[in-house]
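Hi,

Here is the structure I promised to pass on. Have a look at it first, and my notes follow below.

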Amino acid sequence: MIEARNASFSRVTITELMIPSYANFGGKIHGGILLSLMDKVAYATASKHSGAYCVTVSVDTVDFLQPVEVGELVSLKASVNYVGNSSMIIGIKVISENVKTGEVKHTNTCYFTMVAKGDDDKPTTVPKLILENKTDVRRFVEAIYRKGFKKEYESNLYEIKKSWDKQEIKSLLANERCIIEF
Ligand SMILES: CC(C)(COP(=O)(O)OP(=O)(O)OC[C@H]1O[C@@H](n2cnc3c(N)ncnc32)[C@H](O)[C@@H]1OP(=O)(O)O)[C@@H](O)C(=O)NCCC(=O)NCCS
């Protein structure tokens with residue numbers, strides 16, 4: 001196995017024309033079309049870095065900030081931000097361009113965790129990431145923080161769920177738009 005690779009080795013950009021069959025009833029592009037493109041670009045980047053077959057394990061912070069229109073060119077720029085042992089976090093920036101007006105929208109940035117698998121279908125070690133500049137370092141460090149926040153969130157939720165009582169839930173839901181019927 002290669003000992004280490006830099007992020008530029010595996011950086012991938014996919015550009016796709018948004019055709020009418022990608023649209024929803026409102027005439028805007030389906031979120032699922034964009035998710036599928038994100039998954040593809042994440043796979044391409046992760047498999048290039050690892051030189052292995054990869055699977056998607058987790059998707060973080062997919063917020064669709066602006067609608068994408070039919071006829072626009074959507075570009076997804078992906079690079080490896082972090083590597084663990086078998087996992088890689090791929091950062092993806094999605095932009096949408098109206099070629100007639102030249103308007104460019106940043107529709108979202110998200111993070112896919114991909115895991116490399118060996119021929120035995122088990123997670124396999126991936127090359128280390130060579131951090132060549134300040135951006136590479138910032139992305140790697142941010143990924144470590146994001147992983148930590150996710151762990152903290154999961155353990156907080158677990159603790160909260162353990163100690164829920166009926167009275168607490170009632171007051172929590174008092175101003176919410178729901179009706180308790182049991
Ligand atoms: C992801 C998967 C390979 C983990 O397998 P496992 O035997 O539990 O292996 P491990 O616990 O050693 O985890 C492997 C790596 O995944 C990471 N991982 C596991 N679950 C994770 C999660 N929910 N979020 C982020 N990373 C996760 C681990 O941290 C570990 O990373 P590291 O090797 O860099 O330390 C396995 O659950 C799987 O194959 N899932 C299905 C993936 C798939 O089919 N995706 C397509 C969508 S349908």
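**Around the ligand**

The ligand is surrounded by Val-55, Thr-56, Val-57, Ser-58, Gly-84, Asn-85, Ser-86, Ser-87, Thr-113, Val-115 and Pro-123, where being near it means a C-beta atom, placed from the backbone, within 6 Å. Two elements give two or more residues to this shell: strand 3 (53-60) and strand 6 (104-117). Strand 3 has the largest share, with 4 residues. Helices (H or I, at least four residues) and strands (E, at least two) are DSSP runs numbered from the N terminus.

By class, the shell holds 4 nonpolar, 7 polar and no charged residues. Here Ala, Val, Leu, Ile, Met, Phe, Trp, Tyr, Cys and Pro are nonpolar, Asp, Glu, Lys and Arg are charged, and the others, Gly among them, are polar.

Before you go further, note that this is a predicted model: local features need pLDDT of at least 70, side-chain atom pairs count only at pLDDT 80 or more, and totals for chains, interfaces and linings use all residues. Residues are numbered from 1 along each chain as its sequence is written.

**The whole protein**

The protein has 4 helices and 7 strands, in the order β-α-β-α-β-β-β-β-β-α-α from the N terminus. Its radius of gyration (over C-alpha atoms) is 20 Å, well over the 16 Å from the globule rule for 182 residues (2.2 Å times the number of residues to the power 0.38), so the protein is more spread out than a compact globule. Along the principal axes, its C-alpha atoms fill a box of roughly 55 × 45 × 35 Å.

Cheers
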